[in-house]
There are 2 protein chains.
Amino acid sequence: MHHHASPSAAPVVPLRGPRRGIGPDDMRLSGGFWGRLQETNAHATLRHCLEWMERLGWIANFDRVADGDTGGPRPGWQFSDSELYKLVEALAWEYGRTGEAWANETLEALTGRIAAAQDDDGYLNTCFGHGGQAGRYTDLSSGHELYCTGHLLQAAVARVRTVGEDKLVDVARRAADHVCREFGPEGRQGVCGHPEIELGLAELGRALGEARYTEQAGRFVERRGRGTLEPVALLDSSYFQDDLPVREAEVWRGHAVRALYLAAGAVDVAVDTGDDELLGAVRRQWDRSVERRTYLTGGMGSRHQDEGFGEDWELPPDRAYCETCAGIASVMVSWRLHLATGEVRYADLMERTFYNVIAASPGEDGRAFFYANPLHQRTAAADVRPGEVNPRAEGGVRAPWFDVSCCPTNLARTLASWQAYAASVEGDTLSLLQYASGEVRAALAGGELALRVATGYPYDGAVRIEVVDAPPRSGLRLRVPHWAHGATLSDGSGDRGVEPGWAEVRGPLEPGSVITLDLPVHPRLTWPDERIDAVRGCVAVERGPLVLCAESVDLPPGLSLDELRLDTARAPRAEADGAAVWVSSAPAGPGAPGGLPYRPAAPPGGPAPARHEVRLVPYHRWARRGGSAMRVFLPTV
Amino acid sequence: MHHHASPSAAPVVPLRGPRRGIGPDDMRLSGGFWGRLQETNAHATLRHCLEWMERLGWIANFDRVADGDTGGPRPGWQFSDSELYKLVEALAWEYGRTGEAWANETLEALTGRIAAAQDDDGYLNTCFGHGGQAGRYTDLSSGHELYCTGHLLQAAVARVRTVGEDKLVDVARRAADHVCREFGPEGRQGVCGHPEIELGLAELGRALGEARYTEQAGRFVERRGRGTLEPVALLDSSYFQDDLPVREAEVWRGHAVRALYLAAGAVDVAVDTGDDELLGAVRRQWDRSVERRTYLTGGMGSRHQDEGFGEDWELPPDRAYCETCAGIASVMVSWRLHLATGEVRYADLMERTFYNVIAASPGEDGRAFFYANPLHQRTAAADVRPGEVNPRAEGGVRAPWFDVSCCPTNLARTLASWQAYAASVEGDTLSLLQYASGEVRAALAGGELALRVATGYPYDGAVRIEVVDAPPRSGLRLRVPHWAHGATLSDGSGDRGVEPGWAEVRGPLEPGSVITLDLPVHPRLTWPDERIDAVRGCVAVERGPLVLCAESVDLPPGLSLDELRLDTARAPRAEADGAAVWVSSAPAGPGAPGGLPYRPAAPPGGPAPARHEVRLVPYHRWARRGGSAMRVFLPTV
């Protein structure tokens, strides 16, 4: 039996405002870039995550709590419960999307094991609060208890929105009630070192119509930034955003995933409570952080030390952290801001991040993942042995699993619900935000608008949209990406150029009518702001939404990536899946043998260097042909 | 009574080879750059370190072991014992240098408390092995027991070489014997996560004529790099150089202080055992690491994450770690290599590191210190409150003490013995390596050579050397720094130009004869190798051995450090203690409000920017006028 999700079954459903997303089965992808990623996720990644967590005993941790057998050593970090919850969330979206029996059965089996570990009062955590363990909430800075609970609530939200209330939702409700009692106005006045409970509570509150949950989410948002958290090791309180109240901060700082989950939760609270000041604070932080602390790929996080944002303009390509989870969290924030404001630029950043962070993480088989996503790899990384847990992804190699393994399951839940971010609805107008082949059916004010989209995007910029069904007075808007200067639209009113922003489709939408959007995806040069010291004198190549990169495996023998100098005066040649450009190979500076690499004279001009043709490939595909040195920003001649 | 150290009382005394250093009272500084630093160290820093360690209970940890009272919480990290030993070493050198009673009395009082904590079998550590503590050597990766012992042995070496055998030396001998038994051929086949025991044992073996200690040092050197250490948290085994045997490694990697202490110990072992292969390995590592992994300041360590070296050419100025202790350790390695080979370039790097890392650390009052020494500070750091322990020095502000407080005591022992690195002796020739006002008396093959040096170096390049006393057939060599093109020497044979390297003084050395070396210290531009991505398009300004920098406190109102563009076509003007250069203020790129800092077009040339005169100051003095943004490398126009 094929289950159909309810019409409002979206990952985020604000209680206020005119816009909403579409549900997980309102769009069906048919192949193409995202369709293939989603299929691989469905048929490889979900099982892969399940297998690893069974093998490592992270799921058995729940059984041990249920059996009262918690005295011995416990595998996994304090936050390993959250990985199971993210997998359960992914399974919920997957079942909502496809109705596939395995996803539902697996979810129900896991729910049984999770439920069995829940204490009578609703507390649910396998690392604290039982025999031989530290007491509940004795380590709010590092214990991650509320963080794990937040992910449980998000999983339950996926279930409510695709199936309705079931045992998982009951478990989540009891856990949320426990949190409200424990941390309510009369309870502990603390927050969790890792934000997440905020958006879990806010979304569950929306899904179940429980205003108490939203209120508690708001309490956590407001309590933050008051220095209540004990500093962790050598990091200061900005690490977990406890340095400044959310509504006072100007920019994101500290641990990137924490900062972004907190921002997402703050938007949920702000929207549902009509708190424009709080919403404005997050919008201001987005503006400043995107302008000064964001990589060309959309990646966020400049430092390995604290997995965190750096200062303004501190964007080193080689030590870029750009954690996959931070990319996902950035999408979560931008999506909420798009729904809250209707502004197109939030969807622009989502596209950049989808193609150049999120799509870069999984390997072709869906069983290995990037954790960090640097823009420059100096030396080719060694392969990870199959079955080996990578202690920490330093970048350069996709690994099957990590000691801290937040990214694979985060990716799984995101890919399983990707289509829900591809369009939004406002009254009788559908806005197409992301382009992918498939069918869209969206309930508008006047009835259901059904479209069939066919495109080779992002490799081909032509997007063909056929109207299958349309209610009277329905409208259609298409996002023209910010880079797509020279785009053209063909609709019932003829052909015309359209500017970046929104392109409104003119003429009545009728079954059979065809709209074509043509986006220019030829290779283009992109220059960094001069204040980004780390890439001064360099340029990047982009193509449509794709950031390109040079990989050492594509270089002629004897040529090093460090010697490449891009000749920006020459036109690049486009290939079907990448761009070929002329580069000049300038011999690197002579250096000083046995001495310091600093010279008393400027580098000599020297004779005209040899010229080579070097192929630049989409960044998201890098290191798929074995370990490789790589760079996105190339020095100019 | 003024005690005089023995003639061979140097910090490092190789058993083989023709060269040796001079003893701590063979040179007496009289004011000047290093004389003043040494006086501040003697009268402020030594007491400051003592006061802080008493206040924090790090010294009382020894009393608690002596009293059998180790059940309660113990202040300080596992390695806090080593800070006391480094202070004791500093006191030993200070007493050897000056004979000041306070230094000796304090040393003896501390020795009594240390000795009382030693177990009957020689084991000595306040963190392990007693009631309520973890067992001895149960955590070789992180426990730092042998590291602490190594510093105890170095302190004892300072005592042997300045006073002779005393209670401290007896304690050290018993500790060393314990280590030889415990980790000998039949004992534990482990190494310490933090190298240091190697050079402690080797130097104590030299000082006491105990070949067993040198053999044990060699055993530790050879055991390393075989993967016996349990990885720490998320770092791999290169963090503590356990990835490759010392004699196989091509370059320094991992934690910089660890890598350099290990290298220093390996040189000691190689020299004393005539192991040219091992010596060659460290020389090779020096070559490669100096060429590709060293900052303009001489600083080493490109990453905060592991306080470690980065990859080749990974030398970000903003996130440079350049720990003060790594600068000290680099000097220790280069000094040993100079003694082993006689090559001048090792002394060149020492000078660079002395002036731009070591001299940068202490504040003017000798009671606050830099821990990290970045070459670019983006935003002015907030002041540290007096009496406040800094959790970790991120750079930008000197702090009175740190949670991990290795740098202040390391600095104290280095400054107390600085003059011993200023000259070396080979047969009947004295080589002057560092220039400072004062008197030198060195025992040569044929008798004592006595010189009086007068100079305003490094601000003035004239060095006047008067011969006070000289045996027949004595020789004098002067180091001409690698940057000193155009230097001139005036001696008994007249005036002549001398090239970087060694300048041999000609003519007989007789009482009253005067030699003058003139080193050009006008401001000069220095360009980085093109492979250092992080400073592409930038230039630095140096003056003599001093690296200069621009500080925000010197800028005209409204001008940001990020907007400075150095006009390299203009000649700089020299000032008495800094250089004034013309810079053009180019408005920074327009950016894209609300958008990403990446543009589809190269930055416009625009109108001729306003010109400002900006003063560049010696790097070692930065942040002395309050928190300041700072940069060493400046973009060119």
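Mentor: Before we start, two residues count as being in contact when their C-beta atoms, placed from the backbone, lie within 7 Å. Keep in mind too that this is a predicted model.

Trainee: Thanks! How many residues does chain B bring to the contact with chain A?

Mentor: Both chains take part, with chain A giving 48 residues. By type, the chain B side holds 19 nonpolar, 11 polar and 20 charged residues. The number that chain B brings is 50.

Trainee: Which elements of chain B give two or more residues to that side?

Mentor: A helix and two strands of chain B do so. They are α10 (276–292), β16 (523–528) and β22 (598–599).

Trainee: Which residue of β16(B) is the bridge partner of Arg599(A)?

Mentor: Look at strand β22 of chain A, residues 598–599, which pairs with β16(B) in the antiparallel sense over two bridges. The partner of Arg599(A) in β16(B) is Trp527(B).

Trainee: What rotation superposes chain B on chain A?

Mentor: The superposition has an RMSD of 0.0 Å, and the shift along the axis is 0.0 Å. That is the relation of a two-fold axis. The same surface serves both copies, since 96% of the contact residues of chain B recur in chain A. The rotation you asked for is 180°.

Trainee: Which side chains of strand β15 of chain B point to the buried face?

Mentor: In a regular strand the side chains alternate between the two faces of the sheet. Along β15 (residues 514–518), Val514(B), Thr516(B) and Asp518(B) point to one face and are not buried. The buried ones, on the other face, are Ile515(B) and Leu517(B).

Trainee: Where in β15(B) is the bridge partner of Leu489(B)?

Mentor: Strand β10 (residues 462–469) of chain B runs antiparallel to β15(B) with five bridges, and there Ile465(B) partners Ile515(B). Strand β12 (residues 487–491) of chain B is antiparallel to β15(B) as well, over three bridges. The partner of Leu489(B) is Leu517(B).

Trainee: How many residues are in the largest nonpolar core?

Mentor: The residues with the most contacts inside this core are Leu260(A), Val267(A), Leu260(B) and Val267(B). Leu260(A), for example, touches residues including Trp252(A), Ala326(A) and Met332(A). The core's residue count is 402.

Trainee: Is Gly209(B) buried or exposed?

Mentor: Gly209(B) sits in the loop between α7 (197–208) and α8 (211–223) of chain B. The cut-off for exposed is 12 or fewer C-beta neighbours within 10 Å. Because Gly209(B) has 8 inside 10 Å, this residue counts as exposed.

Methods
Residues are numbered from 1 along each chain as its sequence is written. Chains are lettered from A and ligands numbered from 1 in the order in which they are written. This is a predicted model: local features need pLDDT of at least 70, side-chain atom pairs count only at pLDDT 80 or more; totals for chains, interfaces and linings use all residues. Helices (H or I, at least four residues) and strands (E, at least two) are DSSP runs, numbered from the N terminus. Ala, Val, Leu, Ile, Met, Phe, Trp, Tyr, Cys and Pro count as nonpolar, Asp, Glu, Lys and Arg as charged, and the others, Gly among them, as polar. Two strands pair if DSSP finds at least two bridges between them. A residue is buried if 20 or more other C-beta atoms lie within 10 Å of its own, exposed if 12 or fewer, and partly exposed in between; C-beta atoms are placed from the backbone. A nonpolar core is a set of buried Ala, Val, Leu, Ile, Met, Phe, Trp, Tyr and Cys residues joined through C-beta atoms within 7 Å. Copies are superposed by least squares on the C-alpha atoms of residues with pLDDT of at least 70 in both. Lists of a residue's contacts leave out its neighbours within four places in sequence.
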